[in-house]
Amino acid sequence: MSLSHHHLNTNILPTLSATIPTPFPLVFSAPIVSFLSFIFYSPLSLPSSPPIFSPFPSSLPTRKKMATAFSPSKFAAQPFPLNTTSQNNPLTIPTTASPFLGSTRKLIRLSSSSNLNIRRRSGTVVAVSDVVKENKSKSTLNLLITKEEGLELYEDMVLGRAFEDMCAQMYYRGKMFGFVHLYNGQEAISTGFIKLLKQQDSVVSTYRDHVHALSKGVSARAVMSELFGKTTGCCRGQGGSMHMFSREHNVLGGFAFIGEGIPVATGAAFTSKYKREVLKEADCDHVTLAFFGDGTCNNGQFFECLNMAALWKLPIVFVVENNLWAIGMSHLRATSDPQIYKKGPAFGMPGVHVNGMDVLKVREVAKEAIGRARRGEGPTLVECETYRFRGHSLADPDELRDPAEKAHYAARDPITALKKYLIENSLASEADLKAIDKKIDEVVEEAVEFADESPVPPRSQLLENVFADPKGFGIGPDGQYRCEDPKFTEGTAQV
Amino acid sequence: MGLRNIIGKRLGLGLVRRRKPFSTATCDGNGNGNGNAKSINLYSAINQALHIALETDNRAFVFGEDVSFGGVFRCTTGLSDRFGKARVFNTPLCEQGIVGFGIGLAAMGNRAIAEIQFADYIYPAFDQIVNEAAKFRYRSGNQFNCGGLTIRAPYGAVGHGGHYHSQSPEAFFCHVPGIKVVIPRSPRQAKGLLLSCIRDPNPVVFFEPKWLYRLAVEEVPEHDYMLPLSEAEVIRQGSDITLVGWGAQLSVMEQACNEAEKDGISCELIDLKTLLPWDKETVEASVRKTGRVLISHEAPVTGGFGAEISASIVERCFLRLEAPVARVCGLDTPFPLVFEPFYMPTKNKILDAIKATVNY
């Protein structure tokens with residue numbers, strides 16, 4: 001659905017939104033499997049939400065539908081009880097039919113409506129994909145993924161996990177230093193989203209960015225070298241763990257400061273839209289993904305960007321990796337309304353919650369959200385419920401989290417779940433998967449060797465890239481880099 | 001004047017580098033070691049100060065990110081259990097909100113002790129500090145003030161912090177009339193200075209050198225004591241050159257002084273303690289004695305606080321100066337990760353500068 005049939009004047013920025021008056025901004029042209037349609041058809045009662053303000057008067061009868069379509073999809077139960085004073089109470093974990101709901105075979109065998117009712121009563125979080133499948137009139141044994149896709153997803157997740165485990169080892173051996181934040185447990189989100197992107201799509205991440213970079217295509221060697229601080233790293237060793245950039249793969253950075261990346265992603269998304277609509281590069285449908293955590297959702301920058309993105313209908317997806325903890329602050333105790341996806345509709349974009357431990361579900365939601373952005377329909381806020389198996393960083397003793405909570409999520413390890421799915425649905429054999437495991441181990445080992453053997457950056461690199469013009473700074477009047485000037489330490493050999 | 005040294009290890013490039021922590025077990029009259037004085041480290045001293053602050057004033061609050069379990073540096077351990085969640089609580093991740101909220105609390109007569117988890121994260125709150133906290137009393141004609149506000153933030157290099165866990169932003173805040181900026185050098189100083197800051201009727205930004213949180217160990221009296229603000233301290237007497245510094249950098253400067261001593265250069269070392277408003281008289285008196293001055297800080301040299309000291313000293317002591325004012329500071333680059341040893345104003349750089357200045 002193209003956004004504008006009107007001639008856009010070249011006067012950009014605030015007028016951009018004004019010059020996209022389409023007679024049908026809210027038309028429902030989504031295909032049947034879109035989650036918007038699911039929302040409409042869903043038998044679940046939707047919480048009431050204010051209608052979206054639209055500057056464009058629309059006489060279409062579908063307008064009322066859209067009001068509900070933009071409301072949060074569903075939420076039968078909270079992942080954890082909100083009465084936070086009961087921290088010592090055993091967690092009431094919603095029972096699910098299977099820990100991994102990605103298996104469509106099971107769904108189709110059960111009768112759809114009764115199954116759904118059962119689920120509602122037991123308070124399960126119902127995922128997008130299975131309800132969509134329920135409502136499909138034709139019964140189909142179509143699985144969510146093909147074998148190639150399945151193996152690709154598996155490989156990517158295993159790469160993320162193996163890499164992070166190796167990071168921990170290297171850190172404790174002293175080969176890498178600084179603050180390192182590992183992504184164990186959250187691989188499904190990175191794989192689920194980023195594997196649907198093209199090379200020109202951008203990814204903006206947080207300090208927990210190794211796996212985002214790897215999923216986007218940055219080689220394990222480059223990331224490992226960067227962690228070791230070597231010249232062959234993706235940023236030539238300048239940034240380290242929290243600052244993975246890649247021009248080639250359009251990774252716009254890890255950001256040590258929470259929330260700082262979101263406005264950057266918003267700007268990147270604007271560029272893509274500008275290219276498409278003003279510069280008329282018709283095939284420019286680049287999407288930007290902004291990843292951030294639950295703590296960030298209480299930060300001003302997040303809200304500012306939700307507003308801007310919705311206002312200007314930017315091709316961006318805001319992905320919240322809600323792992324329930326911000327170092328030692330429980331999300332439930334820090335947020336007035338812990339259901340983050342609800343913040344989307346408040347700004348005029350759909351908010352979706354998905355089980356972030358299930359890569360197939362994440363992928364389904366991602367497909368739709370990214371598809372929306374590509375078609376020019378605007379931003380989406382996706383909240384992925386996930387968990388980090390390790391502490392906040394390698395220096396975090398991780399004493400605050402309840403072992404029962406950890407065990408609950410450890411049982412929902414995304415990699416084991418995908419493995420089970422692939423094997424149960426005969427998409428892959430144990431041998432295939434083991435071969436992938438072995439291959440990834442080799443890749444990671446090789447990355448470590450490469451990083452070990454790479455050279456440490458020369459001292460002159462310290463003063464490079466402060467400004468664009470190297471001679472504008474860092475170079476003395478005699479044309480030499482100041483640090484090569486013997487006066488730098490007045491002749492003493494030690495620094 | 002016995003100075004106790006605690007041996008630190010110095011490891012190679014890229015690994016954790018430790019500097020010898022600087023001890024203030026001098027014979028200064030403040031915080032007299034009467035009665036109980038226990039050997040504790042910096043974060044424990046700060047913890048004690050906070051306990052005392054909350055004990056003595058029931059309208060004092062401590063808040064910030066992760067403070068209730070003790071904080072990422074353990075400075076706030078035990079406070080939440082002892083004083084309750086209504087007085088010691090976590091905030092969501094919003095620095096601007098934290099400081100603004102603190103200003104509001106202070107304006108209503110409470111003592112708000114806000115913690116910013118790393119000084120590098122203080123920038124979203126910069127607007128609130130500069131535009132609100134610093135000007136509150138002024139623009140309300142003294143009807144309201146936010147003197148009860150104290151903002152604590154760990155600052156400075158830590159060996160492996162990288163761009164966003166090592167910055168020294170004191171210079172930005174020293175440019176703001178209306179707030180005070182205080183930096184302690186050791187546990188005993190930290191406790192006394194923090195209590196003074198909390199009880200000072202002006203908003204204060206208190207930077208704690210994070211390198212010293214565990215490394216600096218010193219005898220700290222257990223009772224409630226305060227050290228005066230805006231008074232610099234001469235911690236080492238000398239006659240050839242005056243060295244001015246603050247925070248963790250003093251321990252490096254002290255090592256340089258010791259080395260210079262072997263070459264027969266007698267160095268006078270001054271801890272500024274309060275950067276804004278700073279004690280010009282003490283520094284001036286020292287420069288009048290020695291005729292030479294060297295300033296050292298971790299922040300980048302251009303526009304760092306050393307520039308202010310240099311300009312003021314030149315204004316006041318121009319004819320007395322025997323050599324240009326030397327500044328040995330961080331380089332004008334973002335704080336690097338791997339290159340930290342090259343970036344930092346190390347002992348050797350300071351030594352070189354001392355010699356150059358003395359032999360000018």
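How far apart do the end C-alpha atoms of residues 156–457 of chain A lie, and how much of the span is helix and how much strand? The two ends are 30 Å from each other, and the span is 46% helix and 10% strand. Please keep in mind, as you turn the structure around, that this is a predicted model. The stretch comes with a label from a record: an unreviewed UniProt entry annotates residues 156–457 of chain A as "domain: Dehydrogenase E1 component".

## Chain A and the start of the annotated span

Let us begin with chain A as a whole. Its secondary structure comes to 18 helices and 7 strands. Of its 495 residues, 57% are buried. Among contacts between residues at least 6 apart in sequence, 74% join residues at least 24 apart.

A good place to zoom in is Asp156(A), which sits in helix α7 of chain A. Is Asp156(A) buried or exposed? With a relative accessibility of 5%, Asp156(A) counts as buried. Leaving out residues up to four places away in sequence, Asp156(A) touches Thr191(A), Lys195(A), Leu214(A) and Ser215(A).

## Salt bridges

Side chains of opposite charge can pair when their charged atoms come close. Over all chains, the structure holds 45 salt bridges. Three of the pairs are set out here for easy lookup.

| Pair | Closest N and O atoms |
|---|---|
| Arg390(A) and Asp165(A) | 3.2 Å |
| Asp398(A) and Lys406(A) | 3.1 Å |
| Glu259(B) and Lys262(B) | 3.9 Å |

Take the pair of Arg390(A) and Asp165(A), whose closest N and O atoms are 3.2 Å apart. This pair links distant parts of the chain, with the two positions 225 residues apart in sequence. Asp165(A) belongs to helix α7 (residues 147–172) of chain A, while Arg390(A) lies in the loop between β7 (380–385) and α16 (403–410). Arg390(A) is partly exposed, at a relative accessible area of 27%, and Asp165(A) is partly exposed too, at 30%.

Next come Asp398(A) and Lys406(A), which also form a salt bridge. Here the acidic partner, Asp398(A), counts as buried at 13% relative accessibility, whereas Lys406(A) is partly exposed at 24%.

Which helix holds both Glu259(B) and Lys262(B)? They sit in helix α9 (residues 249–262) of chain B, and because they are 3 residues apart there, about one helical turn separates them. Glu259(B) counts as partly exposed at 27% relative accessibility, and Lys262(B) as exposed at 66%.

Salt bridges can also join up beyond pairs. In chain A, Glu368(A), Arg372(A), Arg375(A) and Glu377(A) are linked in a network of them.

## Where chain B meets chain A

Now for the interface. How many residues does each chain bring to the contact? Chain B gives 40 residues and chain A gives 41. The area buried between the two chains is about 3400 Å², and carbon and sulfur atoms give 72% of this. On the chain B side, Leu93(B), Phe339(B) and Phe342(B) lose the most area to chain A, together 19% of what that side buries.

What about charge pairing across the boundary? The count of salt bridges between chain B and chain A is 0. For polar contacts, the count is 4 residue pairs. The elements giving two or more residues to the side of chain B that touches chain A are α12 (340–343) and α13 (347–358) of chain B. The largest share, 4 residues, comes from α13(B). Sorted by class, that side has 21 nonpolar, 11 polar and 8 charged residues.

## A buried glycine in chain B

Finally, have a look at Gly247(B), found in the loop between β10 (241–245) and α9 of chain B. Gly247(B) is buried, with a relative accessible area of 0%. Setting aside neighbours within four places in sequence, Gly247(B) is in contact with Tyr155(B), Ile183(B), Pro184(B), Arg185(B), Pro209(B) and Asp271(B). Where does Glu208(B) lie with respect to Gly247(B)? The two are 39 residues apart in sequence, and their C-alpha atoms are 7.5 Å apart in space.

Methods: Residues are numbered from 1 along each chain as its sequence is written. Chains are lettered from A and ligands numbered from 1 in the order in which they are written. This is a predicted model: local features need pLDDT of at least 70, side-chain atom pairs count only at pLDDT 80 or more; totals for chains, interfaces and linings use all residues. Side-chain values use heavy atoms; hydrogens and water are left out. UniProt positions are given in the numbering used here, feature names are shortened, and annotations may be inferred rather than shown by experiment. A salt bridge is a side-chain nitrogen of Lys or Arg within 4 Å of a carboxyl oxygen of Asp or Glu. Buried means under 20% relative accessible area, exposed over 50%, partly exposed in between (1.4 Å probe, protein chains only). Contact means heavy atoms within 4.5 Å. Buried area is the accessible area (1.4 Å probe) that two parts lose on being put together, summed over both. A polar contact is a pair of N or O atoms within 3.5 Å; within protein, one must be able to donate a hydrogen and the other to accept it, and residues adjacent in sequence count only if both atoms are side-chain atoms. Ala, Val, Leu, Ile, Met, Phe, Trp, Tyr, Cys and Pro count as nonpolar, Asp, Glu, Lys and Arg as charged, and the others, Gly among them, as polar.
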